[in-house]
Amino acid sequence: PSRLTLPEIANHHALLEAALFTLFANPTHAALVKHAGLPLQEVREQALAEMEYTSSLSLLACIEATLRVDYNQRVSARGRSPLSRALRGIHRRKGEFARLEDDILEDWKNHSTIGKPVISALIGAFKYRHWLAHGRYWPPKFGRTYDYQTVYDIADTFLNAMAEAS
């Protein structure tokens, strides 16, 4: 019940973005006093960048939750599809410790009708999530640039493909 959907995350992101622009439209606001002497445009851009990071993290957490719930449902429902059988095989070996990218998404790639480029894009986005979730302390090497909109597009494409494949 506490899981967010992509539209809910997008609405929250838009609300925060509007709030930041409203805040920075009033340079005398108390929240901006500690930034006195700094260019407000620079402070605003940093705040917007942090918001993009947290919104991207929420999107990817939403996808992980969706995949984990699907995994558990397929294991307990004992369906006959090749994907369900493959996921049950993982569950027999690893139970709840199935790895998202190496196990669950690999089986989606091998046993579903979702195109491999869609799943590969999602796996790349999860590498971005790891960088975000672990404090961004190393220089990232993703092979592409990620931002909120890119992550949203990847997530939306995957969820739509997942719904069609089910």
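Reader: Where is I9 found?

Author: I9 is found in helix 1. Keep in mind that this is a predicted model.

Reader: Why is I9 called buried?

Author: The relative accessible area of I9 is 4%. Buried means under 20%. The value of 4% falls under that cut-off, so I9 is buried.

Reader: Which residues is I9 in contact with, leaving aside its neighbours within four places in sequence?

Author: They are L4, S55, S58, L59, C62 and Y148. L87 can be set beside I9 too: the two are 78 residues apart along the chain, and their C-alpha atoms are separated by 28 Å.

Reader: What makes helix 1 and helix 6 roughly antiparallel?

Author: They pack at an angle of about 165°. Angles over 145 degrees count as roughly antiparallel. The angle is over that limit, and the two helices are therefore roughly antiparallel to each other. Their axes are 11 Å apart, and their crossing is left-handed.

Reader: Which residues make the contact of helix 1 and helix 6?

Author: Helix 1 brings L6, I9, A10 and H13. Helix 6 brings Y148, Y152, A155, D156 and L159. By kind, these residues divide into seven nonpolar, one polar and one charged.

Reader: What makes helix 5 oblique to helix 6?

Author: Again, start from the angle. Helix 5 and helix 6 pack at about 135°, with axes 10 Å apart. Roughly perpendicular ends at 115 degrees, and roughly antiparallel starts over 145. An angle of about 135° lies between those limits, so helix 5 is oblique to helix 6. Helix 5 passes helix 6 in a left-handed crossing.

Reader: Which residues of helix 5 and helix 6 meet?

Author: From helix 5 come V118, I119, A121, L122, A125 and Y128. From helix 6 come V151, I154, T157 and F158. This contact holds nine nonpolar residues, one polar and no charged.

Reader: How many residues are in the largest nonpolar core, and which touch the most other members?

Author: The core has 37 residues. Those that touch the most other members are I63, L67, L105, W108, L122 and F158. Two or more residues each come from helix 1 (6-24), helix 2 (40-77), helix 3 (82-94), helix 4 (100-111), helix 5 (116-133) and helix 6 (148-165). Helix 6 gives the most, with nine residues.

Reader: What does I63 touch beyond four places away in sequence?

Author: I63 touches L122, F126, A155, F158 and L159. Another core, of six residues, lies apart from the largest one. Its members include L20, F24, L32 and L48.

Reader: R129 lies in helix 5. How do you know whether R129 is buried or exposed?

Author: Check its relative accessibility, which is 12%. The cut-off for buried is under 20%. R129 therefore counts as buried. Its contacts, beyond residues up to four places away in sequence, are L57, L60, E64 and L100.

Reader: Why does E52 count as partly exposed?

Author: E52 is found in helix 2. Its relative accessibility is 25%. Buried stops under 20%, and exposed starts over 50%. The value of 25% lies in between, so E52 counts as partly exposed.

Reader: What is E52 in contact with, leaving aside its neighbours within four places in sequence?

Author: E52 is in contact with H13, D147 and Y148. Compare Q149: E52 and Q149 are 97 residues apart in sequence, yet 8.6 Å apart in space, C-alpha to C-alpha.

Reader: What is the phi of R78?

Author: Phi of R78 is near 55°, a positive value in a residue other than glycine. Most residues other than glycine have a negative phi. R78 is found in the loop between helix 2 and helix 3.

Reader: Why does R78 count as exposed?

Author: Its relative accessibility is 54%. Exposed means over 50%, so R78 counts as exposed.

Reader: Where is R136 found?

Author: R136 is found in the loop between helix 5 and helix 6. R136 has a positive phi of about 55° although it is not a glycine.

Reader: What makes R136 partly exposed?

Author: Its relative accessible area is 31%. That is neither under 20% nor over 50%, so R136 is partly exposed.

Technical notes
Residues are numbered from 1 along each chain as its sequence is written. This is a predicted model: local features need pLDDT of at least 70, side-chain atom pairs count only at pLDDT 80 or more; totals for chains, interfaces and linings use all residues. Side-chain values use heavy atoms; hydrogens and water are left out. A nonpolar core is a set of buried Ala, Val, Leu, Ile, Met, Phe, Trp, Tyr and Cys residues joined through side-chain atoms within 4.5 Å. Buried means under 20% relative accessible area, exposed over 50%, partly exposed in between (1.4 Å probe, protein chains only). Helices (H or I, at least four residues) and strands (E, at least two) are DSSP runs, numbered from the N terminus. Contact means heavy atoms within 4.5 Å. Axes are lines fitted to C-alpha atoms, for helices over the stretch in contact, and angles run from 0 to 180 degrees between N-to-C directions. Angles under 35 degrees count as roughly parallel, over 145 as roughly antiparallel, 65 to 115 as roughly perpendicular and the rest as oblique. A crossing is left-handed if the near helix is turned anticlockwise from the far one by less than a right angle, and right-handed if clockwise. Ala, Val, Leu, Ile, Met, Phe, Trp, Tyr, Cys and Pro count as nonpolar, Asp, Glu, Lys and Arg as charged, and the others, Gly among them, as polar.
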